[in-house]
Amino acid sequence: MSDRESGDDQPQAQSMFGQQQQQQGEQELATKMLQIQSKRFYLDVKQNRRGRFIKVAEVGSGGKKSRLLLSMSTAAEFRDHLTKFSEHYASLGPPNPDNLPEDGKLKSEMMVKDNRRYYLDLKENSRGRFLRVSQTIARGGPRSQIAIPAQGMIEFRDALTDLLEEFGTDDGGNVCLSDIFSCFFLAVVN
């Protein structure tokens with residue numbers, strides 16, 4: 001997704017991320033855009049010297065952006081979890097606002113890949129049901145998360161499946177996603 005499409009006012013080449021992309025020789029191979037309720041989701045297949053990966057960007061109605069990075073093999077595992085979560089969602093009855101789970105969680109899973117953890121939580125609140133996908137980095141980097149409306153999980157999974165069928169599940173190298181954005185994180189230990 002180019003920054004122009006996502007609503008940024010700055011051209012991509014002038015942004016810090018754009019400069020990082022140019023330094024790493026990152027190229028965008030394909031993009032899919034989904035409109036699910038009031039959110040837009042961009043699924044971008046990208047490649048750099050370390051291999052291929054998928055960047056998932058959520059753009060909310062107010063223009064707020066959230067991003068996740070998935071290696072191709074992690075994206076395939078995520079797709080399989082999406083199938084299980086959508087099946088569980090289909091088996092649930094209609095929402096009951098008077099009987100919400102205390103923590104809101106209806107189903108949870110965790111994936112571990114390289115030095116990243118991905119938490120998948122099907123949740124329910126007063127506005128409806130959704131899949132919260134959070135990504136954490138072992139070395140204490142920032143937590144990234146997106147929320148996919150439950151009604152859109154199958155559409156999201158199908159778009160991801162199309163990209164994986166076209167580009168495969170092989171990472172195309174020794175992808176360590178922490179290396180992609182290593183310049184953004186600095187840990188100071190005394």
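## A tour starting at strand 3

Select strand 3, residues 51–59. This strand is mostly covered: eight of its nine residues are buried. Keep in mind that the model is predicted.

**Strand 3 and its partners**

Add strand 2, residues 39–48. Strands 2 and 3 run antiparallel and are joined by nine bridges. The link between them is a hairpin through two residues. Zoom in on Asn 48; Gly 51 in strand 3 stands opposite.

Now add strand 4, residues 65–71. Strand 4 is also antiparallel to strand 3, with seven bridges between the two. Pick Phe 53 and look across to Ser 71 in strand 4. Then pick Val 56, whose bridge partner in strand 4 is Leu 68. The hairpin from strand 3 to strand 4 has five residues between the strands. Stop at Gly 63 in that turn, where phi is positive, about 90°.

**The whole sheet**

Which order do the strands take in this open sheet? Four strands line up as 1-2-3-4, with antiparallel pairing. Select strand 1 (27–36) and strand 4 to see the edges; each of them pairs on one side only. On average, neighbouring strands here are turned by 20° against each other, direction ignored.

**Helices on the sheet**

Show helix 4 next. Helix 4 packs on the sheet and touches strand 1, strand 2 and strand 3. The direction of helix 4 makes about 165° with that of strand 1. Then show helix 3. Helix 3 lies across strand 2, strand 3 and strand 4. Against strand 4, helix 3 runs at about 105°.

**The core**

Nonpolar side chains tend to be buried together in soluble globular proteins. Here the largest nonpolar core has 32 residues. Select Phe 78, Leu 131, Ile 148 and Phe 156: these have the most contacts inside this core. Helix 4, residues 153–167, gives the most to the core, with seven residues.

Centre the view on Leu 131. Beyond its neighbours within four places in sequence, Leu 131 is in contact with residues including Leu 82, Phe 85, Leu 120, Leu 122, Ile 146, Ile 148 and Met 153. Asp 121 and Ala 147 are also among the contacts of Leu 131.

**Ser 134**

Move along to Ser 134 in strand 7, residues 128–137. Is Ser 134 buried or exposed? Ser 134 counts as buried because its relative accessible area is 2%, under the 20% cut-off. Show side chains: Ser 134 and Gln 145 make a polar contact of 3.2 Å. Setting aside neighbours within four places in sequence, Ser 134 also contacts Arg 117, Tyr 118, Tyr 119, Arg 143 and Ser 144.

**Leu 92**

Select Leu 92, in the loop between helix 3 (72–91) and strand 5 (105–113). Leu 92 is partly exposed, with a relative accessible area of 25%. Not counting residues up to four places away in sequence, Leu 92 touches Leu 106, Leu 122 and Arg 129. Draw a distance from Leu 92 to Leu 106: C-alpha to C-alpha, the two are 9.3 Å apart, with a separation of 14 residues in sequence.

**Zoom out**

Show the full chain. There are five helices and eight strands. Along the sequence they follow the pattern α-α-β-β-β-β-α-β-β-β-β-α-α. Of the 190 residues, 45% count as buried. Turn on the surface: the accessible area is about 10100 Å², and 44% of that belongs to carbon and sulfur atoms. Among contacts between residues at least 6 apart in sequence, 51% join residues at least 24 apart.

Key
Residues numbered from 1 in each chain as written. Predicted model: local features only at pLDDT ≥ 70, side-chain atom pairs only at ≥ 80, totals over all residues. Heavy atoms only, no water. Buried < 20%, exposed > 50% of the residue type's maximum accessible area, 1.4 Å probe, protein only. Contact = heavy atoms within 4.5 Å. Areas by Shrake-Rupley, 256 points an atom, 1.4 Å probe, with all protein chains shown as cover. Polar contact = N/O pair within 3.5 Å; in protein donor to acceptor, adjacent residues only side chain to side chain. Core = buried A, V, L, I, M, F, W, Y, C linked by side-chain atoms within 4.5 Å. Pairing = 2+ DSSP bridges. Axes fitted to C-alpha atoms, helices over the stretch in contact; angles between N-to-C directions.
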